[in-house]
Amino acid sequence: MRKNFQKFMLLWFGELVSSIGSGLTSFGLGVYVFRQTGSAADMALVSLLAFLPALLLSVPAGVLADRYDRRMLMMVGDGCSALGILYIFFCMQTGGASLAQICIGVTVSSVFSSLLEPAYRATVSDILEKEDYSRASGLVSLAGSARYLVSPLLAGILLSVSDIRLLLILDMGTFLLTVICTGVVRRGLPSKAAEAKEAFFTLLKEGWQAVTQKKGVFILILVSSAMTCFMGAFQILAEPMILAFSDSATLGISETICASGMLVSSLFLGVRGIRKGYVKALALSLTIAGASMAAFGLRENLILICAAGFTFFAMLPFANNSLDYLVRTNIADELQGRAWGLIGFLSQIGYVVAYGFSGLLADGIGSRLQIGVGRGSALVIIAAGALLALIALSLYPIRSIRLLEKNDA
């Protein structure tokens, strides 16, 4: 068991480094596009294209994770993702990358990245015993948060002494390191083409059955989609809310303080984990997260904003940890890849909804009530937080969800 956890840690280290590298590119491209076009809409377009392909392809990628060697898929996904970044780098070397070229590059990178997530999730189940799932989930959350905590600060320092090409080079280097780590782990694990003779749509159907046959699992997936919708609205609207009464430097400091809540709780979960009471932990953490969102938008007070934001982000790893454990332990190991592909798709639809409507809603409220976009954003954040808290409070009484914890043996 200890040897297997060491394999997981090597795999996790590769993904941590890759997350930091991806954050460098994301930050750098945002700055580059804004300086070139002066348009926030163009920045949003690049972000959407970096997200949407991976979402749309997550379901077939999950099927592939059960049909072929999962570690090999991770290596292909990570390695080929560098092609999109290499294309952007080449364009910049030959006179500067246009918006269209950047969009092509991030789309290519996102397409190959779609292979990674379901294979990575399923590999965790391959490597670890059930008692290590909670710790592993905390560490995975920590790796994900690195792109918000480490990357912006590091990218800002590097851009002060160089340009975006250095960030792209570093990101491509992290892809290489991740492939090497995955290759080392792959050598110590049996490689198999799971159910390779079955038809693609048969595997897809089985994945759908895996996530719907237990009512509690499907309800949790819907809850996860609601979480991403509220989180997406929060991420989009926090910036205009703060910038309405403060400057960009203050915004950056506030974002770092808020995001550090995720780091603190992820570290705690990585060391201790959650040992029991997963449904209670889920309901409580989401209730506190919703209340913190509502508090975030109450007043134009930086102390309140930072405290509420810190608490909100500190609750997310607890919620994700609980969701991950309850779902993972109620889906058969051989179905994990296709199941996580579907789960990733369904849960992240909330981001698409948030990206598409929250900004328009905030603008409309601010204009109609004549309070400005800043307070319009605040009202949307307050409403989203209240809805999240209400959903969270309704979870524990649902019997099908409580049964998931009893059936995890």
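Start by selecting serine 109: with a relative accessible area of 10%, this residue falls under the 20% cut-off and so counts as buried. Keep in mind as you click around that the model is predicted. Serine 109 sits in helix H5. Now show what surrounds it, skipping the neighbours within four places in sequence: serine 109 is in contact with Ser81, Gly84 and Ile85.

**Next stop: the H4 and H5 pair**

Those partners take us to a second helix, so select residues 70–93 for H4 and residues 99–113 for H5. How do you describe a pair like this? Two packed helices are characterised by the angle between their axes and by the distance between the axes. Here the axes come within 7 Å and cross at roughly 175 degrees. An angle over 145 degrees counts as roughly antiparallel, and therefore H4 is roughly antiparallel to H5.

Turn on side chains for the contact itself. From H4, pick Gly77, Cys80, Ser81, Gly84, Ile85, Tyr87, Ile88 and Cys91. Opposite them in H5 are Gln101, Ile102, Ile104, Gly105, Val106, Val108, Ser109, Phe112 and Ser113. Colour the contact by class and you get 10 nonpolar residues, 7 polar ones and no charged ones.

**Over to tryptophan 12**

Jump to helix H1, residues 2–37, and select tryptophan 12. Is this side chain's residue buried or exposed? Tryptophan 12 has 10% relative accessibility, so it counts as buried. Beyond the neighbours within four places in sequence, tryptophan 12 is in contact with Tyr120, Leu139, Val140, Leu142 and Ala143. Then draw a distance from the C-alpha of tryptophan 12 to the C-alpha of cysteine 181: the two are 169 residues apart along the chain, yet the separation is 8.8 Å.

**Isoleucine 253**

Move on to helix H12, residues 248–271, where isoleucine 253 lies. Its relative accessible area is 54%, which is over the 50% cut-off, so isoleucine 253 counts as exposed. Another C-alpha to C-alpha distance is worth drawing here: isoleucine 253 and cysteine 306 are 9.3 Å apart in space and 53 residues apart in sequence.

**A couple of cysteines**

Select cysteine 103 and cysteine 229 in turn. Cysteine 103 is buried, at a relative accessible area of 11%. Cysteine 229 comes out at 23% relative accessibility and counts as partly exposed. How many disulfides are there in the whole structure? A search turns up 0.

**A loop with an odd backbone**

Go to the loop between helix H15 (336–368) and helix H16 (372–393) and pick glutamine 370. Check the backbone torsion: glutamine 370 has a positive phi of about 55 degrees, although it is not a glycine. Why flag that? Because most residues other than glycine have a negative phi. Switch to a surface view as well: glutamine 370 has 75% relative accessibility, so it counts as exposed.

**Zoom out**

Finish with the protein chain as a whole. In cartoon view you'll find 17 helices and 0 strands. Of its 409 residues, 51% count as buried. Look at the contacts with a separation of 6 or more, and 86% of them are between residues 24 or more positions apart. The accessible surface comes to about 18100 Å², and carbon and sulfur atoms make up 67% of that.

Methods
Residues are numbered from 1 along each chain as its sequence is written. This is a predicted model: local features need pLDDT of at least 70, side-chain atom pairs count only at pLDDT 80 or more; totals for chains, interfaces and linings use all residues. Side-chain values use heavy atoms; hydrogens and water are left out. Helices (H or I, at least four residues) and strands (E, at least two) are DSSP runs, numbered from the N terminus. Buried means under 20% relative accessible area, exposed over 50%, partly exposed in between (1.4 Å probe, protein chains only). Axes are lines fitted to C-alpha atoms, for helices over the stretch in contact, and angles run from 0 to 180 degrees between N-to-C directions. Angles under 35 degrees count as roughly parallel, over 145 as roughly antiparallel, 65 to 115 as roughly perpendicular and the rest as oblique. Contact means heavy atoms within 4.5 Å. Ala, Val, Leu, Ile, Met, Phe, Trp, Tyr, Cys and Pro count as nonpolar, Asp, Glu, Lys and Arg as charged, and the others, Gly among them, as polar. Accessible areas come from the Shrake-Rupley method with a 1.4 Å probe; for residues, only the protein chains shown count as cover. A disulfide is a pair of cysteine sulfur atoms within 2.5 Å.
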